[in-house]
Amino acid sequence: MTEATSCGGVVIFRGKILLLYKNYKNRYEGWVLPKGTVEKGEEYNETALREVHEETGVKATIVKYVGKSSYTFTTYNDVINKDVHWYLMMSDSFYSKPQREEYFCDSGYYKYHEAYHLLKFPNEKQILEQAYEEYLAIKKANLWGHGKYF
């Protein structure tokens, strides 16, 4: 078994959530949140920002840490136990451009309920719920977009 760590973001602009659509050789299809593997010497928050930018073209800002999800999957010759650290992030526009090299063929911002139902994986739905509750609390306190988070 191999241990792996990734980091990603729930990116929000004007109340909508950024998603990516992946189509890997017609074997894997589905909407996901942007995330990727931690590189040597990189802090988790740096990984999250870099991966969001690489996969979507979005230069986001971290608002706060949301939490960790864990899952296991099997590859051709190994079992991978993966932890993903998630951050609530803010974007400053609806711009996004999916990274074709990683088999992303679409990206966009969706209303919460649309994003929730589009997401392929239950653990990402759970993180979306947590992040969106945080977003609503920050917005209600009139702090969203003012750089005065916590």
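1. Read from start to end, the protein chain runs β-β-β-β-α-β-β-β-α-α. That comes to 3 helices and 7 strands. Here helices (H or I, at least four residues) and strands (E, at least two) are DSSP runs, numbered from the N terminus. The radius of gyration, taken over C-alpha atoms, is 15 Å, close to the 15 Å that the globule rule gives for 150 residues, so the chain is as compact as a globular protein of that length. The rule itself is 2.2 Å times the number of residues to the power 0.38.

2. A word on what you are looking at: this is a predicted model, in which local features need pLDDT of at least 70 and side-chain atom pairs count only at pLDDT 80 or more, while totals for chains, interfaces and linings use all residues. Residues are numbered from 1 along each chain as its sequence is written, and side-chain values use heavy atoms, with hydrogens and water left out.

3. Now the overall dimensions and contacts. The C-alpha trace spans about 50 × 30 × 25 Å along its principal axes. Contact means heavy atoms within 4.5 Å; among contacts between residues at least 6 apart in sequence, 66% join residues at least 24 apart.

4. On to burial and surface. Of the 150 residues, 44% count as buried (buried is under 20% relative accessible area, exposed over 50%, partly exposed in between, with a 1.4 Å probe and protein chains only). The chain exposes about 8,600 Å², and carbon and sulfur atoms supply 48% of that area; accessible areas come from the Shrake-Rupley method with a 1.4 Å probe, and for residues only the protein chains shown count as cover.

5. Arg 50 is a good residue to find in the viewer. Helix H1, residues 44-56, contains Arg 50, which is buried at a relative accessible area of 16%. Its side chain makes a polar contact of 2.9 Å with that of Glu 51 (a pair of N or O atoms within 3.5 Å; within protein, one must be able to donate a hydrogen and the other to accept it, and residues adjacent in sequence count only if both atoms are side-chain atoms). Beyond its neighbours within four places in sequence, Arg 50 touches Thr 37, Glu 39 and Glu 42.

6. Ile 62 is worth a look too. This residue sits in strand S5, residues 61-74, and counts as partly exposed at 21% relative accessibility. Leaving aside neighbours within four places in sequence, Ile 62 is in contact with Asn 45, Leu 49, Tyr 87, Leu 88 and Met 89.
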